[in-house]
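Trainee: I should like a close look at a single part of this model, the sheet and its surroundings. Please take me through it in one connected account.

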Amino acid sequence: MAETSRFMDLALEEARMAAARGEVPVGAVLVVNGEIIASAGNRTRELNDVTAHAEIEVIRAASNTIGAERLNGADLYVTLEPCTMCAAAISFARLRRLYYGAEDPKGGGVDNGVRFFSQPTCHHAPDVYSGLSGQSAAAILKDFFHTKR
């Protein structure tokens with residue numbers, strides 16, 4: 001469990017760095033066999049790219065590092081429940097496990113919203129573990145949006 005917390009701590013740091021760049025503070029870390037392959041935070045504003053969510057960025061980076069589109073055996077740690085777009089990317093990349101922090105009742109696509117992995121059209125569903133450092137992840141988001149209002 002200590003390694004799981006360490007990986008989520010790194011995702012939380014990525015979220016803080018995203019907030020410092022003016023991005024919605026979401027961070028992600030992708031791990032294969034206990035080794036960090038990639039880490040990223042949201043970059044939608046920086047790149048003017050609506051698909052540049054932390055999950056997509058970390059999957060892209062890991063795929064480039066590994067040299068494959070499928071990331072079988074990989075585990076993703078992300079600070080916020082993935083949206084439907086990111087859930088689809090997680091499925092298509094064939095990630096083994098998804099660990100996420102805070103739930104997203106409005107925009108989530110895993111345990112809220114469309115519940116992508118539960119749909120009959122979903123070809124691959126990772127094992128999902130929610131609530132890991134959820135309070136810390138939620139606090140980063142709340143602080144960020146509080147300063148915007």
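Mentor: Helix H5, residues 134-148, lies across strands E3 (74-80) and E4, and its direction makes an angle of about 55° with E4. The model described here is a predicted one.

The sheet to which these strands belong is open and consists of five strands, arranged in the order E2-E1-E3-E4-E5 with mixed pairing. Its edges are formed by strand E2 (35-41) and strand E5 (127-130), each of which pairs on one side only. From one strand to the next, the twist averages 15°.

At the E5 edge, strand E4 (residues 97-102) and E5 run parallel and are joined by four bridges. Within this pairing, Leu98 has Val128 of E5 as its bridge partner.

The other edge strand, E2, leads to a residue that merits attention. Asn42 is located in the loop that connects E2 with helix H2 (44-47). Asn42 counts as buried because its relative accessibility is 8%, below the cut-off of 20%. Its side chain has polar atoms placed close to two backbone positions: one such atom lies 3.1 Å from the backbone oxygen of Val24, and the backbone nitrogen of Ala54 lies 2.7 Å from a polar atom of the Asn42 side chain. Leaving aside residues up to four places away in sequence, Asn42 touches Ala18, Arg21, Glu23, Val24, Val26, Ala52, His53 and Ala54. Val24 and Ala54 therefore appear both among the residues touched by Asn42 and in the polar pairs of its side chain, given that contact means heavy atoms within 4.5 Å.

Notes. Residues numbered from 1 in each chain as written. Predicted model: local features only at pLDDT ≥ 70, side-chain atom pairs only at ≥ 80, totals over all residues. Heavy atoms only, no water. Pairing = 2+ DSSP bridges. Helix = DSSP H or I, 4+ residues; strand = E, 2+ residues; numbered from the N terminus. Axes fitted to C-alpha atoms, helices over the stretch in contact; angles between N-to-C directions. Buried < 20%, exposed > 50% of the residue type's maximum accessible area, 1.4 Å probe, protein only. Polar contact = N/O pair within 3.5 Å; in protein donor to acceptor, adjacent residues only side chain to side chain.
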